[in-house]
Amino acid sequence: MTDFSALLSGRTLWRREFAAPLRAFLRTEAGSSGVLAAAIVVALLWANLAPGMYDEFWRTELSIGLGHDVLSLDLREWINSGLMTLFFLVVGLEARREFDLGDLRERSRFVLPLLAGVAGMIAPVLIYLAFNAGGAGAHGWGVAMSTDTALALGLLALVGRGVPDRVRVFLLTVFVVDDLLALVVIAVVYSEDIKLMPLLMAVVAFGVVLVLAFFHVRKAWMYVVLGVVMWSALLTSGVDPVVAGLAIGLTASAYSPGREELEQATGLFRLFREQPTPELARSATVGLTSTISPNERLQYLYHPWTSYLIVPLFGLANAGVTIDADFLGRAYTAPITLGILVGYVVGKPVAVTSVSWVLDRATRGRFRPQVGWAAVVGSGTIAGIGFTVSLLIATIAFEGPQLAEAKVGLLSAVVVASALTWLVFRAAKLLSPPKKALALLGDAEQLLDLTDPVDPERDHIRGPADASVTLVEYGDFECPYCGMAEPIVRDLLQDDDLRYVWRHLPLSDVHPRAQIAAEVSEAADAQGAFWEMHDMLLTNQENLQPADLMRYADQLGLDTAKLHDDVKRHVAAARVAQDVESADTSGVSGTPTFFVNGQRHYGAYDVETLKTAIRVARARAKISDRRG
């Protein structure tokens with residue numbers, strides 16, 4: 001039963017599954033940053049209140065044996081080399097998702113993130129080496145290069161409140177490169193006494209994974225077995241085994257569910273409903289599962305665990321350092337600490353900003369950031385947060401006092417980078433609204449997800465024709481979520497600079513009366529009453545039998561005989577099919593699906609969320625008009 005209080009308050013009952021993977025990724029990272037911060041604080045308190053107990057606990061041996069073969073690692077090693085493999089699996093999954101579905105699906109857009117990400121690693125390393133050249137800490141240069149994307153996104157949500165999602169997406173796309181290259185450095189530079197035979201075994205196992213992925217083999221147990229073989233072989237070879245997680249994550253393709261596949265899954269479920277046998281239950285389960293990409297399924301499974309448990313556990317096991325006044329005095333004059341701190345808080349923002357600016361100028365705007373320059377600078381400053389991968393490298397490269405100095409440098413960089421980012425976005429907020437919009441959003445051309453542009457001659461449009469923002473909805477008259485969206489759309493249409501477009505997407509496999517309802521609305525349009533019929537159908541979704549439809553036509557004063565004849569001869573079937581085809585080419589498989597100025601809207605469909613998306617689209621439209 002519909003919760004009408006939710007409707008009246010402008011909040012609908014859309015659930016989390018409707019959010020795009022990227023937005024879900026951003027929300028999880030932002031939420032888990034508090035858990036990670038708490039783990040770091042606990043580690044510091046533990047290491048200072050009971051330093052002996054802290055080290056002794058994490059050095060406890062844990063062994064797994066099978067016959068005469070025994071694998072023995074201490075608890076810290078099990079976390080750093082074992083559980084963190086799942087963290088890097090998620091990193092690989094998100095990188096692949098960006099290539100398949102995100103901004104990087106247009107390969108030319110990968111140029112700037114690639115160069116900015118690489119420069120954002122090289123500059124801090126050079127600064128670190130400037131402090132440590134010829135010294136005992138020079139071999140630890142890898143500590144100063146990698147951004148902790150998860151912690152950076154979380155702290156950006158705190159210090160950059162009100163910053164558009166586009167800024168977070170830019171940060172993520174730039175530092176996907178960062179994470180990938182950091183793993184390469186760990187594998188190549190910080191792996192010692194490499195044994196070739198186990199390494200060859202790991203390569204062969206990964207080759208089998210690639211073959212299985214190429215032929216779309218969906219036997220999960222095969223990938224688990226091969227993953228364990230890769231991890232064990234890499235551990236034996238001397239290469240850090242977390243590389244296995246990244247490699248497997250990159251093989252998992254991402255795609256949106258296809259309408260035909262969803263219809264097949266619906267058919268399998270109906271068969272099970274008619275005859276609930278174990279065989280049909282398994283068939284229906286497999287059919288439903290296969291409509292979701294392997295990438296999204298794995299992220300749904302592992303991402304919350306890595307963000308809320310594994311990474312905080314890593315912080316708890318590694319962030320503890322005994323601090324006193326004498327030690328801090330030595331640390332803040334030590335080349336290791338200074339190299340890490342200055343490398344992150346100066347090298348990262350300078351590299352990201354300068355490379356983005358030079359590339360924009362050199363290509364005359366062909367490769368320009370997808371956000372404004374204040375957002376680029378803010379992304380550079382928040383990128384000065386290096387913790388997870390950097391601390392992992394520090395535990396490999398250093399020990400004793402040098403490790404403690406590295407930890408102080410990393411923790412100090414978190415504080416300073418957060419403060420600098422707050423100052424950048426605070427300064428942007430003080431600008432006038434047009435300048436603020438340009439500073440945060442930029443004027444780069446955006447990728448359009450809507451393949452079929454709005455046509456005033458064909459489309460059904462409400463609102464002024466010259467509005468700067470167009471909201472397109474693909475809907476189904478029998479879909480309850482479309483009915484719940486209707487009062488939200490009505491609220492939005494109070495905006496006199498918004499035009500709204502309805503396009504048909506009848507989901508006939510689950511809503512048997514949706515197709516005829518769509519054709520009735522088109523028959524009403526032939527008599528100049530599309531929107532009246534549209535409103536009537538959404539108001540009476542539970543009563544869409546032929547007799548009901550004719551009664552609505554009569555209530556609207558339409559020529560019922562003509563309407564009946566048009567529907568009987570399916571005069572409007574081709575018109576409805578046009579909308580369905582445009583939905584398919586735009587990657588739409590469910591209802592309601594919204595597009596704001598040609599870009600697909602992901603996430604919630606409540607009043608405030610849609611109004612925010614409309615405000616951002618309007619700001620972008622004004623920037624484009626001024627540029628034009």
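1. Start with arginine 364, out on the surface: its relative accessibility is 81%, so it counts as exposed. You'll find arginine 364 in the loop between α15 and α16 (373-382). Its backbone is worth a look too, as phi of arginine 364 is near 55°, a positive value in a residue that isn't glycine. Keep in mind throughout that this is a predicted model.

2. Histidine 216 belongs in the margin beside that one. Here phi is again positive in a non-glycine residue, near 55°. Histidine 216 sits in the loop between α8 (196-214) and α9 (220-237). Is histidine 216 buried or exposed? With 59% relative accessibility against a cut-off of over 50%, histidine 216 counts as exposed.

3. Now to strand β5 (residues 498-504). How many of the residues of β5 are buried? The count is 7 of 7, so to speak of β5 as mostly covered is fair by the definition of buried, under 20% relative accessible area. In a regular strand, side chains alternate between the two faces of the sheet. For β5, one side carries Leu498, Tyr500, Trp502 and His504, the other carries Arg499, Val501 and Arg503, and all of these are buried. Note that arginines are among the buried residues, Arg499 and Arg503 included.

4. What are the neighbours of β5 in the sheet? Strand β3 (residues 460-462) pairs with β5 in the antiparallel sense, over 3 bridges. Within that pairing, arginine 462 has tyrosine 500 of β5 as its bridge partner. Strand β4 (residues 469-475) pairs with β5 as well, but in the parallel sense and over 7 bridges. There, tyrosine 474 is bridged to arginine 503 of β5.

5. The parallel pair comes with a connection you can trace by eye. Follow the chain from β4 through helix α20 (residues 480-492) and into β5: together they make a β-α-β unit, and the unit is right-handed.

6. Tyrosine 500 turns up again in the aromatic pairs, of which the structure holds 13. The ring centres of tyrosine 500 and tryptophan 531 are 5.9 Å apart with the planes at 45°, so this pair is tilted. The two residues come from distant parts of the chain: tyrosine 500 is in strand β5, tryptophan 531 is in helix α22 (residues 530-539), and 31 residues separate them. Tyrosine 500 is buried, at a relative accessible area of 0%. Tryptophan 531 has 14% relative accessibility and also counts as buried.

7. A second pair to check is phenylalanine 594 with tyrosine 605. Their ring centres lie 5.2 Å apart and their planes are at 45°, so this pair is tilted. Phenylalanine 594 is in strand β6 (residues 593-596), while tyrosine 605 is in the loop between β7 (599-600) and α26 (607-627), so the pair ties together parts 11 residues apart in sequence. Phenylalanine 594 is buried, with a relative accessible area of 1%. Tyrosine 605, at 5% relative accessibility, counts as buried.

8. There is an aromatic cluster to look at as well. Which residues form it? Trp46, Tyr54, Phe57 and Trp58 make up one cluster.

9. On to helix packing, starting with α22, which carries tryptophan 531. The axes of helix α21 (residues 514-525) and α22 come within 7 Å and cross at roughly 150°. That makes α21 and α22 roughly antiparallel to each other, and the crossing is right-handed. Elsewhere, helix α5 (residues 111-132) and helix α15 (residues 335-362) have axes that come within 7 Å and cross at roughly 150°. α5 and α15 are therefore roughly antiparallel, with a right-handed crossing.

10. Two last spots for your list. The peptide bond from threonine 591 to proline 592 is cis, with omega near -10°, and proline 592 is in the loop between α25 (573-585) and β6. Then there is glutamine 446, in the loop between α19 (433-441) and β3. Glutamine 446 is buried, with a relative accessible area of 14%. How far apart are glutamine 446 and glutamine 599 in sequence and in space? They are 153 residues apart along the sequence, yet 8.2 Å apart from C-alpha to C-alpha.

Conventions
Residues are numbered from 1 along each chain as its sequence is written. This is a predicted model: local features need pLDDT of at least 70, side-chain atom pairs count only at pLDDT 80 or more; totals for chains, interfaces and linings use all residues. Side-chain values use heavy atoms; hydrogens and water are left out. Rings of Phe, Tyr and Trp (its six-membered ring) pair if their centres lie within 6.5 Å; planes under 30 degrees apart count as stacked, over 60 as edge-to-face and the rest as tilted. Helices (H or I, at least four residues) and strands (E, at least two) are DSSP runs, numbered from the N terminus. Buried means under 20% relative accessible area, exposed over 50%, partly exposed in between (1.4 Å probe, protein chains only). Two strands pair if DSSP finds at least two bridges between them. A crossover is right-handed if, with the strands pointing away from the viewer, the path from the first strand over the helix to the second runs clockwise. Axes are lines fitted to C-alpha atoms, for helices over the stretch in contact, and angles run from 0 to 180 degrees between N-to-C directions. Angles under 35 degrees count as roughly parallel, over 145 as roughly antiparallel, 65 to 115 as roughly perpendicular and the rest as oblique. A crossing is left-handed if the near helix is turned anticlockwise from the far one by less than a right angle, and right-handed if clockwise.
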